[in-house]
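Grab a coffee and open your viewer. Here are a few short exercises to work through, each with a solution.

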Amino acid sequence: MMQVTETLNTGLKREIQVVVPAKDMEARLLERLQDAKGKVRINGFRPGKVPVNHLRKVYGKSVMAEVVNEILSNSTGSIIKERGEKAAMQPEVKMTEDESEAEKILAGQADFEFSIAYEVIPPIEIQDVSGISVTREVYDVPESEIDEQAMRVAESARTYTPKDGKAETGDRVTMDYVGKVDGEPFEGGADSGANIVIGSNQFIPGFEDQLVGAKAGDEKVVEVTFPEQYQAAHLAGKAATFDVKVSEIASPEAIELNDEVAKSLGLDSLERLREIIKGQLESQFGTVTRQKVKRQLLDALDETYKFEAPSKLVEAEFTNIWNQVTRDLESAGKTFTDEDTTEEEARAEYQRLAERRVRLGLVLAEIGDKAGVQVSDEEMQRALMETVRRYPGQEQQVYDFYRKNPAALAEFRAPLFEEKVVDHLMTLINVTDKKVSKEELLADDEADEAKAEAASEKEAAPKKKAAPKKKAKAAESEAVAEDGAE
């Protein structure tokens, strides 16, 4: 029989020594060889008449290797389960590295010994949350804001009429351009047939102003300096010139919000356009409201649950966060000094964040498990389709990728599970609605900064881009239940 001995029990760390006696290994080997006797075909022997000793001589080592792998595969999980524990991550299994000892094991001449090292998920006692109170800030979108947004939409559909005169503010300039730094063209700095509306502030500062007075057929050199915070780090702060050739100047037609504008956008009426805009605005502000309420809830849970988090989970979470932070800094051409901190201070801050996220992930997972929260296949499919829609023109490839990679598809489950647990908790805590202005709702909303950092465009066309800025609290808007949702 298998001999199981605990050799380490400190904090969350466990180590188990397992010994399978040689006679037990021998019995398993003979059982497999006996089973194979009637299946193998060996020249010189009739089917089913191959002596077991001959089979052992030919296949003994390979069959014993299968026995070893089977023991490792089946016993690790069962031993931990029998101890009433749950491993935080995949246990580390160690066997002998001595080749002569390994040969003896495969020959059935030595006990098979191995160790299992792992960290346990600490027992979490679910606390009463009825005393938790949060304030849900609600912004009611006014009709004036809907009209303002509708006007912006109409602006995108504005028509322009070619004219012979000089370009003025508000006119659309159609042009070809080639950008150069130190006299050399740079990647992403050229375009043909590009349209720019003077005064729209779509291009880098100073570019549009130098087009005022231009006429169709003009060729000119526009001199600008890329902003210090320009997204493309290799261009940030650098002086550049753009060789511009103007092909057309067009003046804007007047805009009037009516059904015709809506129909030009493929909608039935202006009212339908306003309904869509209202829904989009309410959804956007509702997302901010949700994040701020969720942050309050997580803060309360963080105060309620204080326990040691498995170090391996914390280490993995810290690595994910740190890699993202360093990528963002590199992409923006920044250092920790630019963020008013040091690498040492940043590491300490993100280490605390990693510990918090792991701890809260385990708490939410336990709460969800006890409450019977589950993610349905339909919800998974809906999440997949939402992701697919983010890649216009590549929908089928993205869909096929996830359908063919179950592990990648499973990544949707953790954030879905977390949001459902949060929904469950929201029915148990005290929620007070508070009407606020848009400025109050968006004040100090670092989650929005986190969204901006995700857009790491590498193209260098002369459009304004905001450099990313990583904040520790912003990461709390991301899923924290991954460590226990599965």
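The exercises below go from the whole protein to one sheet and then to one residue, and they use a predicted model.

**Exercise 1. Get an overview of the protein: how many helices and strands does it have?**

Step 1: Tally the elements, and you get 15 helices and 11 strands.
Step 2: Check how much is tucked away: of the 486 residues, 38% count as buried.
Step 3: Turn to the surface, which comes to about 27600 Å² of accessible area, with 47% of that belonging to carbon and sulfur atoms.
Step 4: Look at contacts between residues at least 6 apart in sequence; 73% of them join residues at least 24 apart.

**Exercise 2. Take the open sheet of four strands and work out which are its edge strands.**

Step 1: Write down the order, S1-S2-S4-S3, with antiparallel pairing.
Step 2: Pick out the strands that pair on one side only: these are S1 (3–10) and S3 (92–95).
Step 3: Compare directions: neighbouring strands here are turned by 20° against each other on average, direction ignored.
Step 4: Zoom in on S3, which pairs with S4 (residues 112–119) in the antiparallel sense over four bridges.
Step 5: Find Val93 and look across to S4, where Ile116 stands opposite.

**Exercise 3. Decide why Ala27 is classed as partly exposed.**

Step 1: Locate Ala27 in helix H1, which covers residues 22–37.
Step 2: Its relative accessible area is 41%.
Step 3: Buried means under 20% and exposed means over 50%, so a value in between is called partly exposed.
Step 4: For an extra check, find Gly108: Ala27 and Gly108 are 81 residues apart in sequence, yet 9.2 Å apart in space, C-alpha to C-alpha.

Conventions:
Residues numbered from 1 in each chain as written. Predicted model: local features only at pLDDT ≥ 70, side-chain atom pairs only at ≥ 80, totals over all residues. Heavy atoms only, no water. Helix = DSSP H or I, 4+ residues; strand = E, 2+ residues; numbered from the N terminus. Buried < 20%, exposed > 50% of the residue type's maximum accessible area, 1.4 Å probe, protein only. Pairing = 2+ DSSP bridges. Axes fitted to C-alpha atoms, helices over the stretch in contact; angles between N-to-C directions. Contact = heavy atoms within 4.5 Å. Areas by Shrake-Rupley, 256 points an atom, 1.4 Å probe, with all protein chains shown as cover.
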